[in-house]
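This report describes one protein model for a reader who is new to it. The sequence and the structure come first, and the description follows.

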Amino acid sequence: MLCPYRLEGKGKIVRIYEEIIEVINQRVAQGLLGTGSKLPSIRALSDELSCSKNSVIKAYQEMENRHLIYSVPKSGYYVVEDYSLRQKGHIENEKIDFLSAGPDKHSMPYLDFKHCINQAIDLYKEEMFSYSEIQGLRSLRLELAKHLQDLQVFTVPERIFVVTGSQQALHLFVSLPFPNGKNNICIEQPTHTGFIESLKHQNAVVYGIEVTKTGIDLHDLEQIFKQNSIKFFYITSRFHNPTGYSYSNAEKKKIVELAQQYDVYIVEDDYMGDLDFNLKQDPMFAYDTSGRVIYTKSFSKILLPGLRLGLTVIPDSMKEVFLQAKFAADLHTPVLTQGALEIYFKNGMFHAHIKKMREMYRNKGRLLQTAYRDHLPSSASFSGSLSGFYSTIELPYPLKAKHLIEHLMMESVYVDDVGKMYMPECKKENVIRLSVSQIEDDSISIGVQKIADSIRKLLKQRNMSI
Ligand SMILES: Cc1ncc(COP(=O)(O)O)c(C=O)c1O
């Protein structure tokens, strides 16, 4: 068996795992392994090359980090598209996509979920012949109640509603009568575009509170609650979209207290809570003693957005009215995907998957924050957190997001304009959002460098100092 290091000519030490990578490189170059081909198992390759299994594991992990291969749980490792180009360095003019907001495509549990769907078809055959429970399969809600405990949300299946994406619940809340009899809605500014659209389409009367990289002004929030007959405050309590801001426990507690004091409901959007490494973080739901916090959660950012699965935890006083609204919207969420999610939880696949996702996104978040610090001019300020997908860059005066975006497109770098995430009266035109979820680790710094260069160039064209 080879030792993990061996001496090459001129005393250079070569690690065995690098040699293993080289063997795979050659096989791809010779066409013996093509896009999507399965790599030899760890045992087979260690036998073939007479090296330890650990060296093969290390080589495969390294290649996965370099995005040359990807792993499919319980199946093995596979060759990615563009392997040869990636292995030589960067694909020329490679698109750097900070725009796409879905989860990392290589890490989605597609095959695992396929098995669960197949099982669900058999298990829930009868249910699919007729209409099912409006609130969602009870057996799934039992699993969800257990899962929610990991997020410090202690509730019962009777209060959980399975919804067709958390967006459905958010949309329904806009027009739903609330027990406080009030009509106006308070939102963070900026906020998730889908909710802005819901408000516009339902002609809601809206009050905005600005979220900066240090959160919201609680005194301003109190004034809004006090003066404007607020039905509910829609708030993303961690990994805010787009700023990435996560509220501290003290802030969350205070907001819940204000809600109680002024009889305002809170719609807490915890769409990415599963990605939080900080186990000491509580949702606002945990601080609520008066049934005023409605909790919503999405499965889109951690599983597959196309499943359209989410949940909401409704206070007893609103269950009936929400049930009617859900019935009117789509009768119920498809049984097949609900059943598959239930099996996915029961098999323990969800926990294993989440662990991996947390690590992956935390690493991407760290790389992004480092790149911001390394490259951005001091006149541009940035927000963001570790673990989540999103962060924003506020451009220095007089730059506008749309001009930078046009410029970056010529460099094949794509970012989003935060303008559409504001109500018209609060709109800012100088903020861009970067989503780091679908971007490869080694492209993050290159992409931010290009953004920084473009900012400098555009400022120079306008004769502004950097
Ligand atoms: C903050 C936030 N909440 C909710 C949603 C909607 O998620 P879902 O796919 O579960 O409807 C999104 C989607 O991007 C989002 O960004």
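Where is the place of serine 198? Serine 198 is in helix H9, residues 193-201; helices (H or I, at least four residues) and strands (E, at least two) are DSSP runs numbered from the N terminus. At 3% relative accessibility, serine 198 counts as buried, where buried means under 20% relative accessible area, exposed over 50% and partly exposed in between (1.4 Å probe, protein chains only). The side chain of serine 198 is joined to that of glutamine 167 by a polar contact of 3.1 Å. A polar contact is a pair of N or O atoms within 3.5 Å; within protein, one must be able to donate a hydrogen and the other to accept it, and residues adjacent in sequence count only if both atoms are side-chain atoms.

The model is predicted, so local features need pLDDT of at least 70 and side-chain atom pairs count only at pLDDT 80 or more, while totals for chains, interfaces and linings use all residues. Residues are numbered from 1 along each chain as its sequence is written, and side-chain values use heavy atoms, with hydrogens and water left out.

**Domains**

The chain is divided into domain 1 (5-89), domain 2 (110-350) and domain 3 (354-461), with bounds that come from an automatic or database domain assignment. The centres of domain 1 and domain 2, taken over C-alpha atoms, are separated by 43 Å.

**The ligand and its shell**

Glutamine 167 is also one of the residues that surround the ligand. The others are Gly165, Ser166, His192, Tyr234, Asn241, Asp269, Tyr271, Ser298, Ser300, Lys301 and Arg308; a residue is near a molecule if one of its heavy atoms lies within 4 Å of it. By type, the shell has two nonpolar, seven polar and three charged residues. Here Ala, Val, Leu, Ile, Met, Phe, Trp, Tyr, Cys and Pro count as nonpolar, Asp, Glu, Lys and Arg as charged, and the others, Gly among them, as polar.

The table gives distances from ligand oxygen atoms to protein atoms.

| Residue | Protein atom | Distance to a ligand oxygen atom |
|---|---|---|
| Serine 166 | polar backbone atom | 2.8 Å |
| Histidine 192 | side-chain N or O atom | 3.4 Å |
| Asparagine 241 | polar side-chain atom | 2.8 Å |

Taken alone, the ligand exposes 400 Å², and the protein buries 90% of that. Accessible areas come from the Shrake-Rupley method with a 1.4 Å probe; for residues, only the protein chains shown count as cover.

**Helix H8**

Leucine 172 lies in helix H8, residues 166-175, and counts as buried at 15% relative accessibility. Its C-alpha atom is 7.7 Å from that of lysine 326, although the two residues are 154 residues apart along the chain.

**Aromatic pairs**

The structure holds 20 aromatic pairs. Rings of Phe, Tyr and Trp (its six-membered ring) pair if their centres lie within 6.5 Å; planes under 30 degrees apart count as stacked, over 60 as edge-to-face and the rest as tilted. The ring centres of phenylalanine 285 and tyrosine 295 are 6.0 Å apart and the planes stand at 65°, so this pair is edge-to-face. Because phenylalanine 285 lies in the loop between strand S10 (265-269) and strand S11 (293-298) and tyrosine 295 in strand S11, the pair ties together parts that are 10 residues apart in sequence. Phenylalanine 285 counts as buried at 10% relative accessibility, and tyrosine 295 counts as buried at 0%.

A second edge-to-face pair is formed by tyrosine 344 and phenylalanine 350, with ring centres 6.3 Å apart and planes at 90°. Both of these residues are buried. Ring pairs also link Phe161, Phe173, Phe178, Phe195, Phe232, Tyr234, Tyr265 and Phe322 into a cluster. Tyr234 is also among the residues around the ligand.

**Backbone details**

Most residues other than glycine have a negative phi, and most peptide bonds are trans. The peptide bond from asparagine 241 to proline 242 is cis, with omega near 20°. Proline 242 lies in the loop between strand S9 (230-236) and helix H11 (249-261). Another cis peptide bond joins tyrosine 397 and proline 398, with omega about 5°; proline 398 lies in the loop between strand S14 (390-394) and helix H15 (401-410).

Leucine 331 has a positive phi, near 65°. This leucine is in the loop between helix H12 (319-330) and helix H13 (335-346) and counts as partly exposed at 26% relative accessibility. Serine 412 also has a positive phi, near 60°. Serine 412 lies in the loop between H15 and strand S15 (413-414) and is buried, with a relative accessible area of 14%.
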